[in-house]
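Visitor: I should like a close look at a single part of this model. Please take one helix, describe its surroundings, and then turn to the aromatic side chains elsewhere in the chain.

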Amino acid sequence: MAEQGRIGTRDAFDAAAADFAALGRHLWEPLSADAVAVADPQPGERVWDACCGTGASAIPTARRVGTDGLVDAVDVSGPMIRGLRDRAADLPPLHAHEADVTTWEGGDYDLVQSVLGIFFLPDMEAGTRHLLRAVRPCGRVALTVWRRGAMDPAGGQLALAVAEVTEAEPPGERPARPIDRINQPDTFAAWLRGLGLSEVDVLVRSRSLSMTPEVAWLLVTGSGYRGALAELTQEQVARVRDRYLARLHEVGLTELDVTTLIGTGRVR
Ligand SMILES: C[S@@+](CC[C@H](N)C(=O)[O-])C[C@H]1O[C@@H](n2cnc3c(N)ncnc32)[C@H](O)[C@@H]1O
């Protein structure tokens with residue numbers, strides 16, 4: 001996703017929370033449905049949904065585990081967790097917690113899952129190892145990441161629009177990030193094996209997002225891209241919106257690749 005300016009991940013997602021659920025119908029919910037189908041939570045299981053947002057994967061998981069099961073849904077953003085509590089008031093197995101997953105102390109889970117979360121952790125590998133330590137022996141892990149190239153064209157046009165409006169230098173090639181090491185099926189599988197998982201499998205779930213002006217702008221305001229607007233005035237935000245949408249039109253970006261990789265494995 002685009003750089004988040006000088007503000008941090010939590011601030012970006014706090015600001016995005018209001019539009020996160022509206023974007024969710026188009027993006028987070030279908031991608032999470034793919035992830036939950038692969039993770040396959042069973043009645044009575046104990047699940048940790050790490051970086052849960054407003055519950056796109058935690059809610060269907062809680063329905064699957066039922067009243068004999070438990071889902072600890074953890075997110076560092078208070079507004080996200082409040083949104084999840086509102087949406088899941090009638091789901092007793094779901095427990096929503098505002099906390100940093102890298103210091104969460106729950107354990108003995110049958111399944112630990114994280115949909116589009118691990119690459120936000122300050123140290124992706126150490127943070128993921130912490131997630132894996134919470135799985136019971138022989139328990140399962142399901143981690144979803146963007147496939148290489150997904151989302152980037154929109155982030156690139158947004159960064160150019162912000163630079164234009166703020167009269168900053170146009171951004172060059174986006175800097176390398178930890179996700180670049182794991183955003184192809186073979187590199188992701190090798191990384192998961194390197195973390196000690198057995199029975200590793202990586203599935204590609206091809207999806208695209210129809211970029212109507214409404215959805216294209218929700219993609220900015222209801223995701224981590226929101227951070228790119230944090231230091232702008234309202235008038236600048238309005239101009240960024242116009243320039244971003246005009247740029248998408250100019251380059252003919254009507255469908256955005258939002259393909260994910262779902263990596264699964266078993267803790268030894
Ligand atoms: C792209 S969203 C995905 C949310 C959700 N899994 C979904 O698919 O709808 C990433 C989420 O990770 C959360 N997050 C990032 N770093 C975190 C951390 N260290 N601890 C807990 N949550 C974190 C953000 O607040 C945000 O809600």
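Guide: What follows concerns helix 9 and, after it, the aromatic pairs. The model is a predicted one.

Helix 9 comprises the 18 residues 234-251. At 1.5 Å a residue, these should span 26 Å, and the end C-alpha atoms of helix 9 are indeed 26 Å apart, so the expected and computed values agree. Within helix 9, the buried residues are Q236, V240, Y244, L245, R247 and L248. They cover an arc of only 165 degrees around the axis, and therefore lie on the same side of helix 9. This arrangement can be read against the general geometry of helices. With 3.6 residues a turn in an α-helix, residues three or four places apart point the same way.

The buried residues of helix 9 pack against two other helices, helix 6 (152-166) and helix 8 (213-221). On the face turned away from the buried side, helix 9 carries the exposed residues H249 and E250. Just after helix 9, G252 adopts a positive phi of about 70 degrees.

The aromatic side chains form the second topic. Across the whole structure, a search finds eight aromatic pairs. One of them joins F13 and F20: the ring centres are 6.4 Å apart and the planes stand at 75 degrees, over the 60 degrees required, so this pair is edge-to-face. F13 is buried, with a relative accessible area of 13%, and F20 is likewise buried, at 9% relative accessibility. The pair formed by W48 and W104 is tilted, with 6.5 Å from centre to centre and 35 degrees between the planes. W48 belongs to strand 1 (residues 46-50), whereas W104 lies in the loop between strand 3 (94-98) and strand 4 (109-115), so the pair ties together parts that are 56 residues apart in sequence. Both W48 and W104 are buried.

Ring pairs also link F13, F20, W28, F119 and F120 into a cluster. A further ring, that of Y109, has R46 over its face, at 5.1 Å from the ring centre.

Finally, an annotation may be added. In an unreviewed entry, UniProt places the feature "domain: Methyltransferase" at residues 47-139. Over residues 47-139, the chain is 30% helix and 29% strand, and the end C-alpha atoms are 10 Å apart.

Notes
Residues numbered from 1 in each chain as written. Predicted model: local features only at pLDDT ≥ 70, side-chain atom pairs only at ≥ 80, totals over all residues. Heavy atoms only, no water. Helix = DSSP H or I, 4+ residues; strand = E, 2+ residues; numbered from the N terminus. Expected span 1.5 Å × (residues − 1). Buried < 20%, exposed > 50% of the residue type's maximum accessible area, 1.4 Å probe, protein only. Arc of directions from axis to C-beta. Contact = heavy atoms within 4.5 Å. Phe/Tyr/Trp six-rings, centres within 6.5 Å; stacked < 30°, edge-to-face > 60°. Lys NZ or Arg CZ within 6 Å of the ring centre and 35° of its normal. UniProt positions renumbered as here; feature names shortened; annotations may be inferred.
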